[in-house]
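This report describes the fold of one protein chain in terms of its helices, their packing and selected residues. The structure under discussion is shown below.

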Amino acid sequence: MPDNESVAANMLGAIPPPGLVLLAIVAIQLGAAFATNLFPVIGADGAVAVRIIFAAILLLIVSRTGIRQTTRIFAQNRMLLLMFGLCLAAMNMFFYQSIARIPLGAAVAIEFIGPLGVAAFNSRRVSHFGWVALAAAGIALLSPLSGIDLDPIGILFAVLAGTGWALFIILSTRVSSRIPGHDGLAIGMTVAACAMIPFAIPALPAMVNDPLIIFVGIGVALLSTSIPFTLEFEALKKITKRMYGVLVSVEPAVAALIGAVILGERMGIQGMIAVACVVAAAAGITATDKHE
């Protein structure tokens, strides 16, 4: 009889690569949506701490790297991995603080300033700056100056999350070039989990009194980390980075849809136009990139 790994591989192989990327995007945004259910009980800080800690445990299990090898890798790259882990912690912390205050779709759209900014900074194509200007116009529609009713603090946290995303892109490139396989991500997430321990401690009494919180936390970790990581890794074997970038550009729209359907969030016409601008900019800047 075939083992579970071969069955899973066959199932993933039957799904077209674009479908895998879209499923990963849906999983990530579902994880964020379900995480909001923890906010009234343990707060946004507690929710992100629980999610990161469980995600680190799951990634360490999947990586199957021994303690001795993990220690050696960390010792050889301690400064890089410390910065990477703290960046992961800050990025997720800011994002969860954002979605605690503003709709999921708006938060993801604003957060996209991170990867768009990195793409524009590394590009010399004039057209890319036009796409960034379109994204900036969309984000401006989500600012208080446009008259939209969004919490300014939530917007600020989304901008900080986007800044963290930009740093994550830069650091993850360096980590992947120095550390083979997925050990760098697992160790970085472990560093992030250690940084989150002070925020998880206040949530312990609630978790003891209601074990359902633990199961939700594991579910959020699976949806936000393990499942999309597996799906994207499989998809990237078969499609170009350009195609992957175009597909990922729909993430703000998926976030807005999930926010509306699951969380009952309404962004209005102006908010949807803003999301459309960011999606178009992200797709455009990727599609016109000369690098595959």
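In this predicted model, G264 follows helix 14 and has a positive phi, near 70°. Helix 14 itself covers residues 251-262. Its buried residues are E251, P252, V254, A255, A256, I258 and G259.

The length of helix 14 can be set beside that of helix 2, which covers residues 17-35. In helix 2, the expected and modelled spans agree, because 19 residues at 1.5 Å a residue should span 27 Å and the end C-alpha atoms are 27 Å apart. For helix 14, the distance from the first C-alpha to the last is close to the expected value.

| Helix | Number of residues | Expected span | End-to-end C-alpha distance |
|---|---|---|---|
| Helix 2 (residues 17-35) | 19 residues | 27 Å | 27 Å |
| Helix 14 (residues 251-262) | 12 residues | 16 Å | 16 Å |

The buried residues of helix 2 include P17, L20, V21, A24 and I25, and also Q29 and G31. In general, an α-helix has 3.6 residues a turn, so residues three or four places apart point the same way.

Helix packing is illustrated by helix 4 (residues 67-76) and helix 5 (residues 78-99), whose axes are 5 Å apart and meet at an angle of about 95°. The two helices are therefore roughly perpendicular to each other. Helix 4 contributes I73, F74, A75 and Q76 to the contact, while helix 5 contributes R78, L81 and L82. By class, this contact comprises 5 nonpolar residues, 1 polar residue and 1 charged residue.

A contact between distant parts of the sequence is found at S63, which lies in helix 3 (residues 39-63). S63 counts as partly exposed because its relative accessibility is 23%, and the buried class requires a value under 20%. Apart from neighbours within four places in sequence, S63 is in contact with D183 and A186. The C-alpha atoms of S63 and D183 are separated by 6.3 Å, although their positions lie 120 residues apart along the chain as a sequence separation.

For the chain as a whole, there are 15 helices and 0 strands. Of its 292 residues, 47% count as buried. Among contacts between residues at least 6 apart in sequence, 87% join residues at least 24 apart.

Confidence varies along the model. The mean pLDDT of the chain is 84, and 90% of its residues reach 70 or more. Among the elements of the chain, helix 5 has the highest mean pLDDT (94), whereas helix 1 (residues 4-13) has the lowest (54).

Conventions. Residues are numbered from 1 along each chain as its sequence is written. This is a predicted model: local features need pLDDT of at least 70, side-chain atom pairs count only at pLDDT 80 or more; totals for chains, interfaces and linings use all residues. Side-chain values use heavy atoms; hydrogens and water are left out. Helices (H or I, at least four residues) and strands (E, at least two) are DSSP runs, numbered from the N terminus. Buried means under 20% relative accessible area, exposed over 50%, partly exposed in between (1.4 Å probe, protein chains only). Contact means heavy atoms within 4.5 Å. The expected span of a helix is 1.5 Å times one less than its number of residues. Axes are lines fitted to C-alpha atoms, for helices over the stretch in contact, and angles run from 0 to 180 degrees between N-to-C directions. Angles under 35 degrees count as roughly parallel, over 145 as roughly antiparallel, 65 to 115 as roughly perpendicular and the rest as oblique. Ala, Val, Leu, Ile, Met, Phe, Trp, Tyr, Cys and Pro count as nonpolar, Asp, Glu, Lys and Arg as charged, and the others, Gly among them, as polar. pLDDT is the predictor's confidence in each residue, from 0 to 100.
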